[in-house]
Amino acid sequence: MANKLDSKIPSGSIEDKWTKSKFDYKLVNPANKRKHSIIVVGTGLAGASAAASLGELGYKVKAFCVHESPRRAHSVAAQGGINAAKNYQNDGDSTYRLFYDTVKGGDFRAREANVYRLAEVSANIIDQMVAQGVPFAREYGGTLANRSFGGAQVSRTFYARGQTGQQLLLGAYSEMMRQVDAGTVELRTRREMLDLVIVDGKARGIIVRNLITGEIESHEADAVVIASGGYSNVFFLSTNAMACAVTAAWKAHKRGAYFANPCYTQIHPTCIPVHGENQSKLTLMSESLRNDGRVWVPKAVGDKRHPNDIPENERDYYLERVYPSFGNLAPRDVASRQAKYRCDEGRGVNESGKAVYLDFADSIKRLGEDKISERYGNLFEMYEKITGQNPYKQPMMIYPAPHYTMGGLWVDYNLESTIPGLFVAGEANFSDHGANRLGASALMQGLADGYFVLPYTLGNYLGSTKLEKVSITNDAFKAAEHGVKQEISKLMNIKGNRTVDSFHKELGNIMWEYCGMGRNEEGLKKALQEIPKLREEFWQNVRIPGDANYLNVELEKAGRVADFMELGELMCRDALERKESCGGHFREEYQVDGEAKRDDANFCHVAAWEYTGENKASVRHTEELKFENVHLATRSYK
């Protein structure tokens, strides 16, 4: 099959591409907008902002989420802040520097044009959110406050104490609900997308399951937006909310949308360590903490003294030692690997030996406990509730954990997938972060896509595409609905002996062991033997109690785990094929003194996978990445 990867990057200088595009895009007459219908799947920051903007423009929007309220979307968990190039500090920031930092931070595996647009609209996002009432922190004189984040040497991160994601989501949610009240957005909660409907080669609708009644519903539209978030829950233990899944994106992949760079997983360095066999998720402590906290381990192997009893000269502030320019603000992939190295050396703390200290003693001494509480108080409270330790009195213990996924459905510059009419926004697409995401840029991308990109690009699609009227009586809808019902029936009738969670946990262990912080050829090949065997057992031995026609949480989880099984295999294949190290993808065979060794000659491209059928090998396509503004260079933070 022909390679369909046309990135549609506009011509002209990097600074003019988006401006030129906005002028060139087709417009939809205001009177005609209400004749067009758009489905938005997911109501986190990307989905809610897209639904609000498209509703405000006059389109008929249907928004779907698995939660009982969009306010429970996982975007609330991004606590630390949101980047924007406003340069309030006069510390050298600019749109170009934000662009440069993001391309470099992504280890030169993101598309330049998309990243520049992200930096360009970042200032608009802050204005928009302030206008919506988001309570960003302010300086004494009333200007918005900034702080620094990993991977940058300027202060460009806007924040609302330690609740930035929550406050931004409330802003986007409020705007969406205003449109619900105005009648332009119809909100359907507790619905999970289980298939994408294609008519005449275009995305024209979705099939969802009502998670309360079990009813299967069909919904038609002129275009579909997937903004369903990332897939870190493939690891079972992750910082993602339990409901985070790949299902919506995966179903679209199986209908023809290419899946790009699935092996790019971000391992976040500041999470509360694993404490037992029975936990189901990990808790993220915001990266903003590294702004005032110092990371260290004992110099001596096996030193089990209380941290407050270890004197300064017996501590190794390893990030400050190895990366003197960035210190504790080294980017996430680098900081995570260094924590792993220290623990592998036997200098990790905690009973498991898999933790390092994050110490605020110096900052408390310098700024006072009140100031630290003002900046991070809720995070400190959360840490104390979970661990029983007071971080004002002794260092926190942290360890890396799966947190964010840079892979996702492939999209072109217009955020359109390889299926015409299917657009993908936020973490669900692959486009802006390359092989590593810098802190405080996920919120930025979600809101940029929803508020400032899709309103233009979707309008261009609708204004330039001839769309016949379709209804849910179309054969394509009937066939998709039949397929969904068959899969649910198949799951319910297995009646095996193992719980869904036991399969998910075993899959997660395989993924973490062989496709986690470090990967190598031998391990990935082993994973590619074990995952198919586990998947086969799943379809023969999983047990789902209850009824499919009522609320059934185990059935919901089973469908998501079935998709994680297939995704996990693709992640390992992608990781095996990419014979280099970059960002969060660290192939142990390709390193220089513990740092990632990229292979630009052979792998400076996006890998996008085409689904070819059940039990058939996916086909790997590539999109060459060209760096004309930020020249390829070894990524160094020393």
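Let me begin with two helices of this predicted model: helix α4, residues 95–105, and helix α5, residues 112–131, pack at an angle of about 135 degrees, with their axes 8 Å apart. Here axes are lines fitted to C-alpha atoms over the stretch in contact, and angles run from 0 to 180 degrees between N-to-C directions. The two helices are therefore oblique to each other, the word for angles that are not under 35 degrees (roughly parallel), over 145 (roughly antiparallel) or 65 to 115 (roughly perpendicular). On the α4 side, the residues in contact, meaning heavy atoms within 4.5 Å, include Thr95, Tyr96 and Phe99, while α5 contributes, among others, Glu112, Tyr116 and Ser122.

A word on conventions: residues are numbered from 1 along each chain as its sequence is written. Local features need pLDDT of at least 70, side-chain atom pairs count only at pLDDT 80 or more, totals for chains, interfaces and linings use all residues, and side-chain values use heavy atoms, with hydrogens and water left out.

Turning to aromatic rings, a search of the whole structure finds 22 pairs, a pair being rings of Phe, Tyr or Trp (its six-membered ring) with centres within 6.5 Å, stacked if the planes are under 30 degrees apart, edge-to-face if over 60, and tilted otherwise. Tyr88 and Phe158 are edge-to-face, because their planes stand at 75 degrees, with the ring centres 5.7 Å apart. Tyr88 lies in the loop between β3 and α4, and Phe158 in strand β5, 70 residues apart. Phe158 is buried at 0% relative accessibility, whereas Tyr88, at 38%, is partly exposed (buried is under 20%, exposed over 50%, partly exposed in between, with a 1.4 Å probe and protein chains only).

Conventions:
Helix = DSSP H or I, 4+ residues; strand = E, 2+ residues; numbered from the N terminus.
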